[in-house]
Amino acid sequence: MEFFTWCMIAAGFGMAIGAFGTGLGQGIAIKSAVEGVARNPAASGKILTTMMIGLAMIESLAIYVFVVAMIILFANPFSAQVIELLSK
Amino acid sequence: MVHPFLYLEWAEQQLNTHLGTHVTYTWVVMLILIAAGFAASRSIKMVPAGFQNFMEVVVGGVESLIDETMGPKGKKYFPLIATLALFILVSNLIALIPGFFPPTANLNTNAALALIVFSMTHIIGFKEHGLHYFNHFTGPILALAPLMFIIEVIGHLARPVSLTLRLFGNMYGHEIVLLIFFGLVPFLAPLPMMFMGVLVAFIQTFVFSLLAMIYIAGALEEAH
C-alpha cells in the first residue's frame, strides 16, 4: 500500500517543482521580451515571435515532468508486480 | 477519471475492430484537409475570393516563414513543412470539439511525425553534402573530433524525443485538464481552458514546424 502512496507524492511534488522552475524561466524570458518591445516598439513582431518560440522551449521542460507524472500515476510498469506481491 | 465518449470509438466497438482512436481520427483529419483542398481549388480565380483567399493567406504565410528560416534553398521542402503544419493544426483544433479525440494526443502519431523530420534532416544532409556531412558532427577542432561526434549524436537523438514529447504532453495534458473540468464543474468553467486550448494548438503547430525548418536548415548549411 505504501508503494501507491509514494507514487502519489512523487507525482505531485515532481509536477510542483517542474512548474516552479518553468515559471521562473519563462518570467525571465518575458521580462527581456517586454523590455525589448518597450525600447523599440517597431520590432515588436520579431520580438514576439522569438519570445513565443523561447516560451514553448521552456514549457516543454515542464511537459516532460508532466509526462513522467502521468506515467507514474496511470501507466506505472511496476503496479502489477506490487499488486501481485501484496495479494500474497 | 471518467473515460470520455468518442463517436468513432463507439463506432469501432460496434464494428468490433481494434484500430485505435488515433488511427480513425487521423482519417477524420485527412478527410477534412482533402475536403478543404477541393473546396479551395474548385474554381480558381485570378483575384481570389472567399475560401480560396483564406487558403492563399495560409500558404503565403508558410512560404514567407520558410524563406525567412531556410533561405532560397528551402523552397523545395515547402510541401513537407506545410503538410506537417496543416496536419498538426487541424489535429490540435479538433480536440476542442466534444466527442473528438486529437490524434496528436497519442504518442504514436507524434513519434511518426518526429521520425519523419529526423530522417529528412539526415537524408537532406547526405544528399546536399555527400560524405562531408560528417563534418557537421566533428566540430571545429580536429583533435576533439571523437568526443564532439558522440556529443553531437546524443544531441541529434534528443531532437525527435523532444519534438514528440512536447506535442504529446501539450495535447494530452490539455485533454486531461478538460476531462477533469468537465467532471467537476461542467457548466461554464471549461471555457477558459478551451480558449487556452486554441492558443496552445496554434503555438504548438508553429513551434513544431519552426523546429522542423531549423533542423533542415541546419543540415543544409555549410559545416566548419
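1. In this predicted model, the axes of helix α3 (residues 51-70) of chain B and helix α8 (residues 190-220) of chain B come within 9 Å, and they cross at roughly 40°. That crossing is why α3(B) is described as oblique to α8(B), since an angle under 35 degrees would have counted as roughly parallel and one from 65 to 115 as roughly perpendicular. As for the sense of the crossing, α3(B) passes α8(B) in a right-handed manner.

2. It is worth finding the residues of this contact in the structure. On the α3(B) side the contact is made by Ile66(B), Thr69(B) and Met70(B), while α8(B) contributes Leu210(B), Met213(B), Ile214(B), Ile216(B), Ala217(B) and Leu220(B). Sorted by class, the contact of α3(B) with α8(B) has eight nonpolar residues and one polar residue, with no charged residues.

3. The two helices belong to a chain whose secondary structure is simple to list, for chain B has eight helices and zero strands. Following the sequence of chain B, one therefore reads the pattern α-α-α-α-α-α-α-α, in which helices and strands are DSSP runs.

4. Turning to the chain as a whole, the C-alpha atoms of chain B fill a box of roughly 65 × 50 × 35 Å, taken along the principal axes. Of the 224 residues in chain B, 25% count as buried.

5. How do the contacts of chain B spread along the sequence, and what percentage join residues at least 24 apart? Among contacts in chain B between residues at least 6 apart in sequence, the share that joins residues at least 24 apart is 67%.

Conventions. Residues numbered from 1 in each chain as written. Chains lettered and ligands numbered in written order. Predicted model: local features only at pLDDT ≥ 70, side-chain atom pairs only at ≥ 80, totals over all residues. Axes fitted to C-alpha atoms, helices over the stretch in contact; angles between N-to-C directions. Helix = DSSP H or I, 4+ residues; strand = E, 2+ residues; numbered from the N terminus. Parallel < 35°, antiparallel > 145°, perpendicular 65-115°, else oblique. Left-handed = near helix turned anticlockwise from the far one by under 90°. Contact = placed C-beta atoms within 7 Å. Nonpolar A, V, L, I, M, F, W, Y, C, P; charged D, E, K, R; others polar. Buried ≥ 20, exposed ≤ 12 C-beta atoms within 10 Å, placed from the backbone.
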